[in-house]
Amino acid sequence: MIHIAETVAVGSVEGFVDTEERDQLAAMMNDFLSDEARLRFGARRATSIHEIPGRSKEQAMAVYEPAGRIEVPRIPDRAEALLQQAFDRACPALSRVMPSITACRPWTYVEYGPGQHITGHLDGIAPDPFAWPRQIAGISVVIREAEAGGAFYVESTSSDRLWNTRLEHDAQEQGYAGGMWLAHDGADHSADWYAAMPRTRWSVSPAPGTALLYGSQLTHGTKPVSLGRVAKFISWLIAEKN
């Protein structure tokens, strides 16, 4: 059963990848990202992993990453294999915080330079909270820190406005614990109700190689980079139907 606490939780796995593995990942991406590739996945990119129903890809990018970023949705196979091995290794620790998680989706590489950031948003139990598999949390692993700025944050709120549906008697039939709440769709800065909703921000700058976990119904984002570049891998942790 999926409990609402999993979808609004935060957690960390220190040493998710060690120094040698982090160096290997950095070298793989440096080899992959030629000057042409950096343009193709950066300034010339016209697609995004983020979507806003009824909006174009360009409009979604303007909301989520107003100053742009490098985004590689399919990373080299060797990097993918290394990160999936790290996930397998971390499963016992992950299961204590989010016990319904059974798998990790393919990883994406992102990189932010000066002025770049991701705006606050919820991922949601995507793409459909009543279909399987279900997205329980995001995961982020920094392999290179910025010299200044670029911190990751989550935002909590007590506002009723965030929540759309409470599952009552049929919750367990749907694979959820009783009293499960589902957040409104469109919880991002394209929605006036979301932008105006009061929230409290919690910022963190984890050690490189640490995995940060953030529930799929929890606002998260990053602060703009001030100096240097931050490079990280992100993915989504899912629950599969038994």
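Glu111 is buried, since its relative accessibility is 1%. I start there because a carboxylate at 1% is well under the 20% cut-off for buried. This is a predicted model, so please take what follows as values computed from predicted coordinates.

What does the side chain of Glu111 meet in a salt bridge? The partner is Arg144, with 3.6 Å from N to O. Glu111 sits in strand S4, residues 108-112, and Arg144 in strand S5, so to speak two distant parts of the chain, 33 residues apart, are linked by this pair. Is Arg144 buried or partly exposed? At 33% relative accessibility, Arg144 counts as partly exposed.

Next, a second pair. Arg199 and Glu155 form a salt bridge in which the closest N and O atoms are 2.5 Å apart. Arg199 is in the loop between helix H6 (192-196) and strand S10 (200-204), while Glu155 is in strand S7, residues 152-156, so this salt bridge ties together parts that are 44 residues apart in sequence. Of the two residues, Glu155 counts as buried at 8% relative accessibility, and Arg199 counts as partly exposed at 23%. Some salt bridges also share partners: Arg38, Glu111, Arg144 and Arg229 are joined that way into one network. That brings back the pair I opened with, Glu111 and Arg144.

How many salt bridges does a search of the whole structure find? The count is 14. One more of them is between Glu21 and Arg89, where the closest N and O atoms are 3.1 Å apart. Glu21 belongs to helix H2, residues 19-32, and Arg89 to helix H5, so the pair ties together parts that are 68 residues apart in sequence. Glu21 is buried, with a relative accessible area of 13%. Arg89, at 48% relative accessibility, counts as partly exposed.

Now a charged residue without such a partner. Side chains of opposite charge can pair when their charged atoms come close. Arg134 is buried yet has no salt bridge. Which side chain of opposite charge is nearest to Arg134? That is Asp128, 7.0 Å away. A salt bridge needs a nitrogen and a carboxyl oxygen within 4 Å, so a separation of 7.0 Å does not qualify. What the side chain of Arg134 does reach is the backbone oxygen of Gln174, at 2.4 Å. Arg134 lies in strand S5, which covers residues 134-144. Setting aside neighbours within four places in sequence, the residues in contact with Arg134 are Ile2, Ile125, Pro129, Gln174, Gly175, Tyr176, Leu237, Ile238 and Ala239.

Two smaller residues next. Ser48 is placed in the loop between helix H3 (35-40) and helix H4 (57-64). Is Ser48 buried or exposed? With 8% relative accessibility, Ser48 counts as buried. The side chain of Ser48 reaches the backbone nitrogen of His50 at 3.0 Å. Not counting residues up to four places away in sequence, Ser48 touches Lys57, Met61, Glu65 and Glu71.

Ala79 is in helix H5, residues 77-97. Ala79 has a relative accessible area of 0% and is therefore buried. Again not counting residues up to four places away, Ala79 touches Leu25 and Met28. From Ala79 to Met29 the C-alpha to C-alpha separation is 8.2 Å in space, against 50 residues in sequence. Helix H5 also holds Arg89, and helix H2 holds Glu21, as I said for that salt bridge.

To finish, the chain as a whole. The protein chain has six helices and 14 strands. Along its principal axes, the C-alpha trace spans about 55 × 40 × 30 Å. How does the radius of gyration stand against what a compact globule would have? A compact globule of 242 residues would have a radius of gyration near 18 Å, and the protein chain has 18 Å, which agrees. Buried residues make up 51% of the 242 residues. The exposed area of the protein chain is about 11500 Å², and carbon and sulfur atoms supply 51% of that area. What share of the contacts between residues at least 6 apart in sequence join residues at least 24 apart? The share is 83%.

Terms used
Residues are numbered from 1 along each chain as its sequence is written. This is a predicted model: local features need pLDDT of at least 70, side-chain atom pairs count only at pLDDT 80 or more; totals for chains, interfaces and linings use all residues. Side-chain values use heavy atoms; hydrogens and water are left out. Helices (H or I, at least four residues) and strands (E, at least two) are DSSP runs, numbered from the N terminus. Buried means under 20% relative accessible area, exposed over 50%, partly exposed in between (1.4 Å probe, protein chains only). Lys and Arg count as positive and Asp and Glu as negative; His and the chain ends are not counted. A polar contact is a pair of N or O atoms within 3.5 Å; within protein, one must be able to donate a hydrogen and the other to accept it, and residues adjacent in sequence count only if both atoms are side-chain atoms. Contact means heavy atoms within 4.5 Å. The radius of gyration is taken over C-alpha atoms; the globule rule is 2.2 Å times the number of residues to the power 0.38. Accessible areas come from the Shrake-Rupley method with a 1.4 Å probe; for residues, only the protein chains shown count as cover.
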